[in-house]
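Let's take a walk through a structure together, one step at a time. Keep the picture in view as you read.

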Amino acid sequence: MTLEWIGDVILLVVVLPVVIYLLHGVLTAANSIVPSVNRIAGAAQRGSADLDAVPLLLHTQEQVIATVGVVADYGGSLDVILDDQQGA
Amino acid sequence: MPAAGVVMIIAVVAIVAAAVFYLVSTIVALRRITAGLDEAIGGVVGIIEKSAPVEEVVNTINENLDAGVDLLEGLLVKKAGLSDAVGLIDGLYPGAAAQGLRNIPESKDVKAPRISEVYTRGTLTLARLGREAPIAAASPNGPALRDPVYGSKASAALYPEGRPGRVPNLPRSPVIGVDSPVQYDPDEEVGVPRKRMPARQGS
């Protein structure tokens, strides 16, 4: 009978607090991850939205090609019109 | 049942209840983490997909710009000579001569003439673009379009008839304000020529 009471005391005084302490730690750690994950998700969404203008690079590419072509045309004309530097 | 057994059952039930509560709470938290990670993964995948063609497009843009720079540098050196080309670049973009021309490494060692101190950009452009420009009229076929030593002579050549002098006896600037000697009377002067010039009244 005495051993049973000792076992009850150990269960209530030692085992139960230890179980609660450990599980509470696990729950606290899991809850602390949630805000970080939400911030990461928000940042990823905003980063993805910032890249919505990337398709405009294709238009920029076309404009650059066209502009360089015009510059080449003007350069060719200037090469014909202007005299070269003497000795060059 | 002895009292010790009842207490043991209560203790075990309490332990199991605590474990169930905390484990269920942990499961809920982990589910929220999973949902957040799914959302984050979706955003990251979007970033990857949208940024995939960037490298190719930017490389193409850079190749075209490189070709343009090569063309303009080559044309400038061909027409103006290396020294004047470096001087012109340094005149338009001070300090750029130190970097030199990209395709001509020896241009870094060229001492840039101070073209911008002799002529303004507009005059320089005219001189470079057309032999008929006033600054080059004196020697349309000559090699030098500027005189770094006697720059004032070159600028004076812009006025073959001589520089126009000051116009004498210009009326002085009117004094304005409530204390001015000549007061403006809207009732008399609106819509009609002024009766007296302020310079004659004020001086």
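Helices, of at least four residues, and strands, of at least two, are DSSP runs, numbered from the N terminus. With that in hand, chain B can be described as having seven helices and zero strands. Read from the N terminus on, its elements run α-α-α-α-α-α-α. Please keep in mind that this is a predicted model.

Now turn to the partner. Chain A has two helices and, like chain B, zero strands. How much of each chain is buried? In chain A, buried residues make up 3% of its 88 residues. In chain B, the share is 13% of 203 residues.

Next, look at where the two chains meet. On one side there are 45 residues of chain B, and they are in contact with 46 residues of chain A. Two helices of chain B, H1 (3-51) and H2 (54-92), each supply at least two residues of the side that touches chain A. The largest share of that side, 28 residues, comes from H1(B). What kinds of residues are these? The side of chain B that touches chain A divides into 29 nonpolar, eleven polar and five charged residues.

A general idea will help with the next step. Two packed helices are described by the angle between their axes and the distance between the axes.

Try this on the H1 pair. Helix H1 of chain A covers residues 2-50, and it packs against H1(B) at an angle of about 10°, with the axes 8 Å apart. Because of that angle, H1(A) is roughly parallel to H1(B); the cut-off for this description is an angle under 35 degrees. The crossing of H1(A) and H1(B) is left-handed. In the contact of these helices there are 35 nonpolar, 13 polar and five charged residues.

Now do the H2 pair. Helix H2 of chain A spans residues 56-81, and its axis comes within 10 Å of that of H2(B), crossing at roughly 15°. That angle makes H2(A) roughly parallel to H2(B). Here, too, the crossing is left-handed. Which residues of H2(A) and H2(B) meet? Among them are A:Leu57, A:Val64, A:Val68 and A:Leu78 in H2(A), and B:Val57, B:Ile61, B:Leu65 and B:Leu72 in H2(B). The contact of H2(A) with H2(B) divides into 16 nonpolar, six polar and one charged.

H2(B) also has a part to play inside its own chain. The largest nonpolar core has eleven residues, including B:Leu76, B:Val86, B:Ile89, B:Ala97, B:Ala112 and B:Ile115. H2(B) gives the most to this core, with seven residues. Pick out B:Ala112 as an example. Leaving aside its neighbours within four places in sequence, B:Ala112 is in contact with B:Val86, B:Gly87, B:Asp90 and B:Ala97.

Let's finish with one residue, B:Leu92, which has its place in helix H2 of chain B. Why does B:Leu92 count as partly exposed? It has 13 C-beta neighbours inside 10 Å, whereas a residue needs 20 or more to be buried and 12 or fewer to be exposed. B:Leu92 and B:Ile115 are 23 residues apart along the chain, and their C-alpha atoms are separated by 9.2 Å. For the wider picture of chain B, take contacts between residues at least 6 apart in sequence: 48% of them join residues at least 24 apart.

Notes. Residues numbered from 1 in each chain as written. Chains lettered and ligands numbered in written order. Predicted model: local features only at pLDDT ≥ 70, side-chain atom pairs only at ≥ 80, totals over all residues. Contact = placed C-beta atoms within 7 Å. Nonpolar A, V, L, I, M, F, W, Y, C, P; charged D, E, K, R; others polar. Axes fitted to C-alpha atoms, helices over the stretch in contact; angles between N-to-C directions. Parallel < 35°, antiparallel > 145°, perpendicular 65-115°, else oblique. Left-handed = near helix turned anticlockwise from the far one by under 90°. Core = buried A, V, L, I, M, F, W, Y, C linked by C-beta atoms within 7 Å.
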